[in-house]
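Student: Please give me a close look at one proline and how exposed it is. After that, go through the other local features in one connected answer.

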Amino acid sequence: MGTNDDLLARRAAIVPQGVPRVTAATAASASGATITDMEGNLFIDFAGGIGVMNVGHCQADVVRAIQAQAAKLLHTCIHVATYEPYVALCERLAGLLPHGERTKVMLLNSGAEAVENAVKIARQATGRQAVLCYTGAFHGRTLLGMSLTSKVGYKAGCGPFAPEIYRHPFPNHFQAGDGLSEDAFADRELARLRQAFVDTVAADALAAILIEPVQGEGGFVPAPARYLRGLREICDEHGIVLVFDEVQTGFGRTGRWASYEHAGVLPDISTWAKSMGGGLPIAAVIGRANIMDAARPGTIGGTFGGNPVACAAALATIDVLERDGLLGRAEEIGAQVRRRFEELRRRTAVVGDVRGIGAMVAMELFEDGDRRRPARTLVGEVIAACVARGVLLLSAGPLGNVIRILSPLTISDADLDRGLTILVEEVERRAGARGSRGQTQTPELTTKR
Ligand SMILES: Cc1ncc(COP(=O)(O)O)c(C=O)c1O
């Protein structure tokens, strides 16, 4: 096997720079919550392949299901010949995540595709075109996905974007709470949305309101439960399809199958991908049957969507999440991360906020604790230092000043603790810590670094 540098040089020579490379890590193999690079160095994985590996890397039952299915049927395309794993997975998803009395499900390959199809379905169901989405949102990198995505840096130079997209401020209580209680803030933001129907887009022109109940790329920002309940009422009042994008929040990450369960609000349609497939590319649109059936034959679907092997992986993934109690484990992981981040916040001014639900926890950093100075550079340095010490992790937020944890839910307490200790040390080292205790550095993890 070559060295890390060899592989990175080969990549640089052949893969266009536009495909992001956010760490210097390489990966040759992975198991559970650890990744081994080309040179045999071990990483504790706090990135989970961007929220994909809830069930852990190369989970044995998932791998077995993939192998068995691969030996039996690789592909027909669901448009051409109906196969059981597609139907079984749809049935399973409808059972786990019912959307009203009757639920229907379609399968795709990626989160962006799921969002695209959700919009196409909502448009056909309502006969309307407009879609309202939010600042800070991330919905993928296809053209419609990018049009719905907020962060300018993700889409620079890629326009023109899809029309009839209206962007509204996400109810970010930390950023815009103005000292209001969360409920009072939610009421103010719902009033602001009603105002947008007067000055931005008419409610009866809207096919859909699309929101991440907890923003992922946007910095792990939960929308207040009261706001989501208000959205439900507004959508019912105006015949708007309410779409929740659960691509990053999904499959146990927040301690429930869906993050919307925390708010007790049911969408008309929801979108899923990432951790649903245990590492294989698969996505779903789940929705109320009458809305899902409004899409005319041939307007939704695709060659590979719901490939048999990916369906087998997803079915096995759901089995493992259930059998091994990983939703409960998400709560435990979240509590441990939150405790460590909160302790750090008490010691250093740079940590301005600690937030999230279940195991979807992040901290937002500011230079010298000044909320007008997002600590993007500091976060970049911390992440690079953690990677160099064997902890793979990611930033988030439009300003890049959020550190998020997306570890597999199978991570051991020891690995979690070790990874967090290194992360905390690297933040504190740069933070000009108030009352720093002058800790000694935790020994390196890696075998041969
Ligand atoms: C909330 C959300 N929606 C959609 C997507 C796009 O998913 P994919 O990259 O699989 O197209 C992402 C990816 O990060 C996401 O976080």
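Tutor: Pro398 has a relative accessible area of 43%, so it counts as partly exposed. Buried means under 20% relative accessible area, exposed means over 50%, and partly exposed is in between, with a 1.4 Å probe and protein chains only. Pro398 sits in the loop that runs between strand E16 (394–396) and E17. Helices (H or I, at least four residues) and strands (E, at least two) are DSSP runs, numbered from the N terminus. Along the chain, Pro398 and Val221 are 177 residues apart, and their C-alpha atoms are separated by 11 Å.

The model is predicted: local features need pLDDT of at least 70, side-chain atom pairs count only at pLDDT 80 or more, and totals for chains, interfaces and linings use all residues. Residues are numbered from 1 along each chain as its sequence is written, and side-chain values use heavy atoms, with hydrogens and water left out.

Strand E17 (residues 402–405), which follows the loop of Pro398, also holds Arg404. The side chain of Arg404 meets that of Glu217 in a salt bridge, at 2.9 Å from N to O. Glu217 lies in the loop between strand E8 (214–215) and strand E9 (221–222), so the pair ties together parts that are 187 residues apart in sequence. Both partners, Arg404 and Glu217, are buried. A salt bridge here is a side-chain nitrogen of Lys or Arg within 4 Å of a carboxyl oxygen of Asp or Glu. In general, side chains of opposite charge can pair when their charged atoms come close.

By that rule, the count comes to 30 salt bridges. One of them links Asp353 to Arg355, with 2.8 Å between the closest N and O atoms. Asp353 and Arg355 are both buried. Salt bridges with shared partners also join Glu381, Arg389, Glu425, Glu426, Arg429 and Arg430 into one network. Another bridge pairs Arg188 with Glu189, and their closest N and O atoms are 3.1 Å apart. Its two residues fall in separate exposure classes: Arg188 counts as partly exposed because its relative accessibility is 28%, while Glu189 is buried because its relative accessible area is 2%.

Next, the helix packing. Helix H8 (residues 182–199) packs against helix H9 (residues 225–238) at an angle of about 30°, with the axes 8 Å apart. H8 is therefore roughly parallel to H9. The crossing of H8 past H9 is right-handed. In a second pair, the axes of helix H13 (residues 326–347) and helix H15 (residues 413–431) come within 11 Å and cross at roughly 25°. H13 and H15 are therefore roughly parallel as well, and their crossing is right-handed. For these values, axes are lines fitted to C-alpha atoms, for helices over the stretch in contact, and angles run from 0 to 180 degrees between N-to-C directions. Angles under 35 degrees count as roughly parallel, over 145 as roughly antiparallel, 65 to 115 as roughly perpendicular and the rest as oblique. A crossing is left-handed if the near helix is turned anticlockwise from the far one by less than a right angle, and right-handed if clockwise.

The backbone has some further points to check. Gly159 and Pro160 are joined by a cis peptide bond, with omega at about 5°. Pro160 belongs to the loop between helix H6 (143–148) and strand E6 (165–168). On the other side of H6, Arg141 is in the loop that connects strand E5 (130–134) with H6, and Arg141 counts as partly exposed because its relative accessibility is 47%. The C-alpha atoms of Arg141 and Ala47 are separated by 19 Å, with these positions 94 residues apart along the chain.

Phe251 is not a glycine, yet its phi is positive, near 55°. This residue is in the loop between strand E10 (241–245) and helix H10 (260–263), and Phe251 counts as buried because its relative accessibility is 1%. Asp368, also not a glycine, has a positive phi of about 50°. Asp368 lies in the loop between strand E14 (360–365) and helix H14 (376–388), and it is exposed because its relative accessible area is 58%.
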